Amino acid sequence: MSERATALGRAALLLASAALIGKLFAAGEMAKYITPALDPLTALTGIVLAAMGATEGWRALRTRADGDAAASHDVEHADGGHGMLEARLERGLTYAVVLLPIVLGLALAPRAIGTSAVAGEHVTRLLLTFAPGSSGVQRPPKPDAPLDDTGAVLAYLRSVGDGGVGQPVRVTGMVMTSGALEPGEFAILRYAIVHCVADARPVALLVVGAPPITTPADQWVQIDGELASRAREGDRLVAIVARRITPVAEPNNPYLFAVY
């Protein structure tokens with residue numbers, strides 16, 4: 001392959017990578033891959049890639065096509081063409097492997113990790129529990145703000161333990177059913193990430209007092225209820241006594257960030 005074609009190929013890869021980053025930011029989908037805390041660094045990466053791509057493209061346009069082709073022909077003639085086909089196939093496969101995820105990222109909207117990611121895990125092992133010895137608070141302290149988000153509820157529980165039992169809450173997550181749960185119970189699942197989806201960890205909350213659930217697994221729901229505690233196999237599970245269950249669309253920001 002000529003030097004000009006190689007430079008154009010590099011320019012296309014760099015500019016496509018920058019375009020993918022720009023598309024994810026413009027569509028508000030970057031949070032489905034990495035924590036918003038890394039947005040400035042990711043944006044800077046996109047700018048650098050775009051600048052590198054523009055530089056490679058400018059270099060390719062300045063390269064003389066006729067001289068470059070002649071040089072390539074001389075090299076091919078010098079070794080009788082041996083290895084040229086193999087080198088071209090290797091280069092083509094490399095471009096294909098790199099371009100495929102970029103094209104898919106540009107063409108498709110990302111989805112949050114679903115319940116299938118924990119299909120081999122027993123649901124009772126995922127349910128959030130109160131820390132041993134956290135009881136003893138006589139009256140639930142008033143939170144500083146309404147507990148109308150799953151992240152806010154988890155932060156509140158970390159500070160007060162089961163002293164928050166009885167507080168009204170609103171949580172959102174994916175429906176997760178299991179035969180290991182009692183009738184009228186199901187779990188809602190969220191994933192917590194520190195940096196990106198590669199380090200995602202499941203967080204499940206037990207939902208009780210609900211009518212028989214007909215919502216399919218992976219359906220996002222919003223649950224209005226109050227915090228409660230349920231004893232199960234020697235543990236005290238964090239539970240939500242459901243008052244209202246509303247199916248909702250997958251949120252733009254489906255993950256919990258740095259909750260551990």
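Biologist: Taking contact to mean heavy atoms within 4.5 Å, what do the buried residues of α2 pack against?

Modeller: The buried residues of α2 pack against α1 (3-26). Helices (H or I, at least four residues) and strands (E, at least two) are DSSP runs, numbered from the N terminus. Buried means under 20% relative accessible area, exposed means over 50%, and partly exposed lies in between, with a 1.4 Å probe and protein chains only.

Biologist: What kind of model is this, and which pLDDT limits apply?

Modeller: This is a predicted model, in which local features need pLDDT of at least 70 and side-chain atom pairs count only at pLDDT 80 or more, whereas totals for chains, interfaces and linings use all residues. Residues are numbered from 1 along each chain as its sequence is written, and side-chain values use heavy atoms, leaving out hydrogens and water.

Biologist: Which residues of α2 are buried?

Modeller: They are T42, G46, L49, G53, E56, G57 and A60. The helix has 24 residues and reaches 35 Å from its first C-alpha to its last, close to the 34 Å expected at 1.5 Å a residue. That expected span is 1.5 Å times one less than the number of residues.

Biologist: E56 is on that list. With which residue does E56 form a salt bridge?

Modeller: With R59, the closest N and O atoms being 3.7 Å apart. A salt bridge here is a side-chain nitrogen of Lys or Arg within 4 Å of a carboxyl oxygen of Asp or Glu. E56 and R59 are three residues apart in helix α2 (residues 39-62), so about one helical turn separates them. E56 is buried at 17% relative accessibility, while R59 is partly exposed at 34%. R10 is linked with E56 and R59 in a network of salt bridges.

Biologist: How many salt bridges are there by this rule?

Modeller: The count is eleven. One of them joins the side chains of E29 and K23, at 3.2 Å from N to O. E29 is buried at 12% relative accessibility, and K23 is partly exposed at 22%.

Biologist: And D224: which side chain meets D224 in a salt bridge?

Modeller: That of R244, at 3.3 Å from N to O. R244 lies in strand β5 (residues 235-247) and D224 in strand β4 (residues 220-232), so the pair ties together parts that are 20 residues apart in sequence. D224 is buried at 13%; R244 is partly exposed at 47%.

Biologist: Changing topic, where does α4 bend?

Modeller: α4 bends by about 30° at L99, and the proline P101 follows within four residues. The bend is the angle between axes fitted to the seven residues ending at a residue and the seven starting there. The buried residues of α4 are M84, Y95, I102 and G105.

Biologist: Which residues touch the most other members of the largest nonpolar core?

Modeller: Among its 24 residues, these are V153, V171, F186, I188, I223 and L227. A nonpolar core is a set of buried Ala, Val, Leu, Ile, Met, Phe, Trp, Tyr and Cys residues joined through side-chain atoms within 4.5 Å. α6 (150-160), β1, β2 (186-193), β3 (201-208), β4 and β5 each supply at least two residues, and α6 gives the most, with five. Apart from this core lies another, of 21 residues, including A187, V208, A239 and V241.

Biologist: What does I188 touch, beyond residues up to four places away in sequence?

Modeller: Its contacts include V171, T172, V203, V221 and I223. T172 is in strand β1 (residues 168-176) and is buried at 18% relative accessibility.

Methods:
Contact = heavy atoms within 4.5 Å.
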